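Here's a walk through one model, taken piece by piece. Have the coordinates open and follow along.

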2 protein chains.
Amino acid sequence: MPEVTTLVQDYIASFNESDPARRRELIDRVWADDATYLDPVMAGDGRDGIDRMVAAAQAQFPGHRFEPTLGPDAHHDRVRFGWRLVSEADGATVAAGTDFGVLTGDGRLRAVTGFLEAPAA
Amino acid sequence: MPEVTTLVQDYIASFNESDPARRRELIDRVWADDATYLDPVMAGDGRDGIDRMVAAAQAQFPGHRFEPTLGPDAHHDRVRFGWRLVSEADGATVAAGTDFGVLTGDGRLRAVTGFLEAPAA
């Protein structure tokens with residue numbers, strides 16, 4: 001479980017790391033080389049594709065950062081965790097979701113599916 | 001989305017159907033032949049293995065039934081939904097979880113990972 005906690009911390013950190021070299025270092029640490037990511041609005045194939053996807057998410061939401069919410073909750077080679085995207089200016093939550101992942105034997109993410117939470121009323 | 005809603009209804013119904021023939025009919029409708037299920041306490045491989053797993057869950061919780069809670073929430077070939085296990089005697093919730101699934105092209109479940117929610121305080 002400590003390894004999974006670190007993995008999810010690094011995953012979140014990669015979304016917040018705008019320096020391309022440091023972001024890629026986190027992505028290489030977190031993801032299997034042939035990993036896949038899929039949510040309702042974004043997709044990435046392989047570390048290269050996921051790196052481009054994360055860069056695009058950063059470009060779409062300047063002045064925002066991702067924060068962990070729930071978990072990580074892991075069993076066998078599976079994990080889930082919650083996140084939210086908050087404005088650095090006023091702390092407002094602009095999006096939130098839950099990610100489900102399948103791990104490789106060496107503790108990297110092989111596949112992640114993201115779901116978005118309905119906005120709070 | 002109507003298809004996914006029906007799929008999840010049939011999935012929940014299969015857990016509540018104690019007649020073996022009718023339960024298997026639901027399982028054949030819901031699951032791909034080579035499907036897999038994995039949660040922290042149960043696992044099933046293929047329709048036969050999943051049928052045995054559901055029968056074991058029913059034997060472990062007589063007088064209880066599964067009810068849907070959240071969702072289903074689907075995108076691409078992915079779905080998540082919430083459930084709870086309630087006592088038929090007093091309606092008390094004895095367990096709850098979220099299931100995450102990958103669908104086949106013909107709208108059956110190929111793989112489901114279940115996670116259990118922490119009991120309410």
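What follows covers confidence, helix packing, the chain contact and a few loop residues.

## How far to trust it

Keep in mind that this is a predicted model. For the model as a whole, the scores are ipTM 0.92 and pTM 0.93. Chain A comes out with an average pLDDT of 95, and 98% of its residues score at least 70.

## Helix packing in chain A

Start with the pair α1 and α2 of chain A. Helix α1(A) covers residues 2–16 and helix α2(A) covers residues 20–30. They pack at an angle of about 145°, and their axes sit 9 Å apart. The crossing of this pair is left-handed.

Which residues do the meeting? From α1(A) come A:Leu7, A:Asp10, A:Tyr11, A:Ala13 and A:Ser14. Across from them, α2(A) offers A:Arg23, A:Leu26, A:Ile27, A:Arg29 and A:Val30. Sorted by class, the contact of α1(A) with α2(A) holds six nonpolar residues, one polar and three charged.

## Helix packing in chain B

Over in chain B, the pair to look at is α2 (residues 20–30) and α3 (residues 46–60). Here the packing angle is about 130° and the axes are 10 Å apart. Parallel, perpendicular or oblique? That angle makes α2(B) oblique to α3(B), since oblique is what remains once angles under 35 degrees, over 145 and from 65 to 115 are set aside. As for handedness, α2(B) and α3(B) cross in a right-handed way.

The α2(B) side of the contact is made of B:Arg23, B:Arg24, B:Ile27 and B:Asp28. They meet B:Arg47, B:Ile50, B:Asp51 and B:Val54 of α3(B). Go through the contact of α2(B) with α3(B) by class and you get five charged residues, three nonpolar and no polar ones.

## Where the chains touch

How many residues of each chain are in contact with the other? On chain A there are 10, and they touch 10 residues of chain B. Three strands of chain A each supply at least two residues to the side that touches chain B: β4 (73–75), β5 (78–87) and β7 (109–116). The chain A side divides into four nonpolar, three polar and three charged residues.

## Cis prolines

Now for the backbone. A cis peptide bond links A:Gly71 to A:Pro72, with omega at about 5°. You'll find A:Pro72 in the loop between β3 (64–68) and β4 of chain A.

Chain B has a cis bond to check as well. It joins B:Gly71 and B:Pro72, and omega is about 5°. B:Pro72 has its place in the loop between β3 (64–68) and β4 (73–75) of chain B.

## The loop between β4 and β5

A:His76 is in the loop between β4 and β5 of chain A. Its phi is near 50°, a positive value in a residue other than glycine. Buried or exposed? A:His76 is exposed because 12 other C-beta atoms lie within 10 Å, and 12 or fewer is the cut-off for that label. In chain B, B:His76 lies in the loop between β4 and β5 (78–87). The phi of B:His76 is near 50°, again positive in a residue other than glycine. B:His76 is exposed too, with 12 other C-beta atoms within 10 Å.

A:Asp77 also has its place in the loop between β4 and β5 of chain A. This residue has 14 C-beta neighbours inside 10 Å, so A:Asp77 counts as partly exposed. Leaving out neighbours within four places in sequence, A:Asp77 is in contact with A:Val102 and A:Leu103. As a yardstick, A:Asp77 and A:Met42 are 35 residues apart in sequence, and their C-alpha atoms are 23 Å apart.

## The loop between β5 and β6

One last stop is A:Ala92, in the loop between β5 and β6 (93–103) of chain A. With 10 other C-beta atoms within 10 Å, A:Ala92 is exposed. What does A:Ala92 touch, not counting residues up to four places away in sequence? The contacts are A:Val86 and A:Ser87.

For a sense of distance across chain A, compare A:Ala92 with A:Pro20. They are 72 residues apart in sequence and 26 Å apart in space, C-alpha to C-alpha.

Definitions and conventions. Residues are numbered from 1 along each chain as its sequence is written. Chains are lettered from A and ligands numbered from 1 in the order in which they are written. This is a predicted model: local features need pLDDT of at least 70, side-chain atom pairs count only at pLDDT 80 or more; totals for chains, interfaces and linings use all residues. Axes are lines fitted to C-alpha atoms, for helices over the stretch in contact, and angles run from 0 to 180 degrees between N-to-C directions. Helices (H or I, at least four residues) and strands (E, at least two) are DSSP runs, numbered from the N terminus. A crossing is left-handed if the near helix is turned anticlockwise from the far one by less than a right angle, and right-handed if clockwise. Two residues are in contact if their C-beta atoms, placed from the backbone, lie within 7 Å. Ala, Val, Leu, Ile, Met, Phe, Trp, Tyr, Cys and Pro count as nonpolar, Asp, Glu, Lys and Arg as charged, and the others, Gly among them, as polar. A residue is buried if 20 or more other C-beta atoms lie within 10 Å of its own, exposed if 12 or fewer, and partly exposed in between; C-beta atoms are placed from the backbone. pLDDT is the predictor's confidence in each residue, from 0 to 100.
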